[in-house]
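Here are my notes on this entry. Please read them with the coordinates open.

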Protein chains: 2
Amino acid sequence: MTVSRTADPNVSKPARAAREPADAPEAEAGGIRMGELSELLGYSLKRAQLRVFDDFIRCMTSLNLTPAQFSVLLLIDRNPGRNQTEIASTLGILRPNFVAMLDGLEGRELCVRVRSANDRRSHILMLTDKGRTILARAKKLVATRHEARLNEVLGPANRAALLEMLATLARDF
Amino acid sequence: MTVSRTADPNVSKPARAAREPADAPEAEAGGIRMGELSELLGYSLKRAQLRVFDDFIRCMTSLNLTPAQFSVLLLIDRNPGRNQTEIASTLGILRPNFVAMLDGLEGRELCVRVRSANDRRSHILMLTDKGRTILARAKKLVATRHEARLNEVLGPANRAALLEMLATLARDF
DNA sequence: CGATAATCGTTATTGGTCATATCAAATAGT
DNA sequence: ACTATTTGATATGACCAATAACGATTATCG
């Protein structure tokens with residue numbers, strides 16, 4: 001079933017494509033009517049997010065990286081020389097909760113904390129060689145398994161449109 | 001692995017643009033490069049979901065209903081005579097965790113558990129009059145404040161397209 | 001300079017969500 | 001009857017999110 005991205009802006013009818021008999025009145029799940037729940041954007045957002053995260057974790061089992069850990073490694077790699085506060089706040093992680101997370105990553109020798117010379121309060125974060133290797137493998141797994149499958153299900157154009165709208169929500173909402 | 005800046009297919013972008021110079025190379029947040037994070041669908045999904053939920057809760061402060069509570073009331077209303085297992089599993093809530101939730105709703109006299117005559121193990125769930133009243137007010141708040149604002153930010157056509165894609169993800173992914 | 005305020009990483013703690021195992025009561029299957 | 005399954009419930013543990021507070025360090029400015 002293809003998602004009609006360019007479907008005419010028929011707001012009142014969300015156009016649940018043509019597979020159901022004409023009298024099908026409402027979305028169901030296991031014989032239970034979903035009511036206006038299927039029109040609630042937040043509900044669909046959460047369900048979709050859980051599924052996507054599940055698949056991400058599944059694709060990462062060999063490397064044992066959670067979505068949060070992956071994003072941390074990615075950010076440290078792209079922003080060498082940043083301290084914990086900067087990396088954490090960028091990801092919406094509170095500083096106290098970031099400590100245990102870094103303990104884990106540093107314990108696996110994927111990154112290191114180095115006392116800054118300029119400001120000896122702060123810890124500069126850097127990836128180790130092992131961290132860079134794992135990150136590279138993780139990126140490949142994400143691209144070839146996770147995102148590739150998203151592309152299959154959604155189609156490239158829809159995937160791009162979805163990404164843009166989600167970014168809009170996170171930015172302007 | 002380039003971040004395609006506005007390849008943007010048919011979706012009309014809700015007015016934001018024109019602030020970045022034409023050579024803007026990469027998404028940033030507080031001077032920190034996001035790297036391929038801005039291309040990760042799961043990441044954007046989570047950030048967007050958190051924002052939308054925040055707004056939902058904000059719109060519901062007067063009624064004190066969480067997204068989960070709202071969806072439970074909605075489902076009970078649309079499916080009278082169902083028991084806890086059926087309602088919970090439809091929402092992806094585990095039965096043990098559903099108990100405390102119902103305790104809360106029943107304590108506020110929004111719904112009741114009634115022993116089933118057919119199967120005296122199960123509890124039939126029904127809304128009270130107060131529950132129906134609150135639900136009606138909640139629906140109105142969601143429509144006029146929450147979803148209305150989503151419509152403003154995304155535009156009606158985009159909102160419908162987004163909803164359809166999220167449903168696709170939750171269904172076929 | 002020196003006192004005060006602010007920042008950084010950290011610890012402790014609390015509250016919330018999610019998941020598993022288990023239980024008594026009731027039912028279903030044989 | 002005997003066993004297995006189901007329903008609601010309890011307890012518990014893992015994991016996040018959020019706040020307050022502390023020692024060490026740096027910044028402010030009188």
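1. Start with B:Arg113. In this predicted model, a polar atom of the B:Arg113 side chain sits 2.6 Å from a phosphate oxygen of DNA strand D. B:Gln84 also reaches the backbone of the strand: one of its polar side-chain atoms is 3.0 Å from a phosphate oxygen.

2. B:Arg121 addresses a base instead. An N or O atom of the B:Arg121 side chain lies 2.6 Å from a base oxygen of DNA strand D.

3. Now the surroundings of the strand. There are 15 residues around DNA strand D. Those that come nearest are A:Arg121, B:Thr85, B:Pro96, B:Arg113 and B:Arg121. By class, the surface near the strand has four nonpolar, six polar and five charged residues.

4. Which helices supply at least two residues each to this surface? They are α4 (95-107) of chain A, plus α3 (84-90) and α4 (95-107) of chain B.

5. On the DNA side, consider the atoms of strand D within 4 Å of the protein. Sugar or phosphate accounts for 60% of them, and bases for the rest.

6. Turn to the helix packing in chain B. The axes of α2 (residues 67-78) and α5 (residues 129-154) of chain B come within 10 Å and cross at roughly 120 degrees. That angle is why α2(B) counts as oblique to α5(B). The crossing is left-handed.

7. The residues at that crossing: α2(B) brings B:Phe70, B:Leu73, B:Leu74, B:Asp77 and B:Arg78. From α5(B), they meet B:Arg132, B:Leu135, B:Ala138, B:Lys139 and B:Val142. The contact of α2(B) with α5(B) has six nonpolar and four charged residues, with no polar ones.

Methods
Residues numbered from 1 in each chain as written. Chains lettered and ligands numbered in written order. Predicted model: local features only at pLDDT ≥ 70, side-chain atom pairs only at ≥ 80, totals over all residues. Heavy atoms only, no water. Near = heavy atom within 4 Å. Polar contact = N/O pair within 3.5 Å; in protein donor to acceptor, adjacent residues only side chain to side chain. Helix = DSSP H or I, 4+ residues; strand = E, 2+ residues; numbered from the N terminus. Nonpolar A, V, L, I, M, F, W, Y, C, P; charged D, E, K, R; others polar. Axes fitted to C-alpha atoms, helices over the stretch in contact; angles between N-to-C directions. Parallel < 35°, antiparallel > 145°, perpendicular 65-115°, else oblique. Left-handed = near helix turned anticlockwise from the far one by under 90°. Contact = heavy atoms within 4.5 Å.
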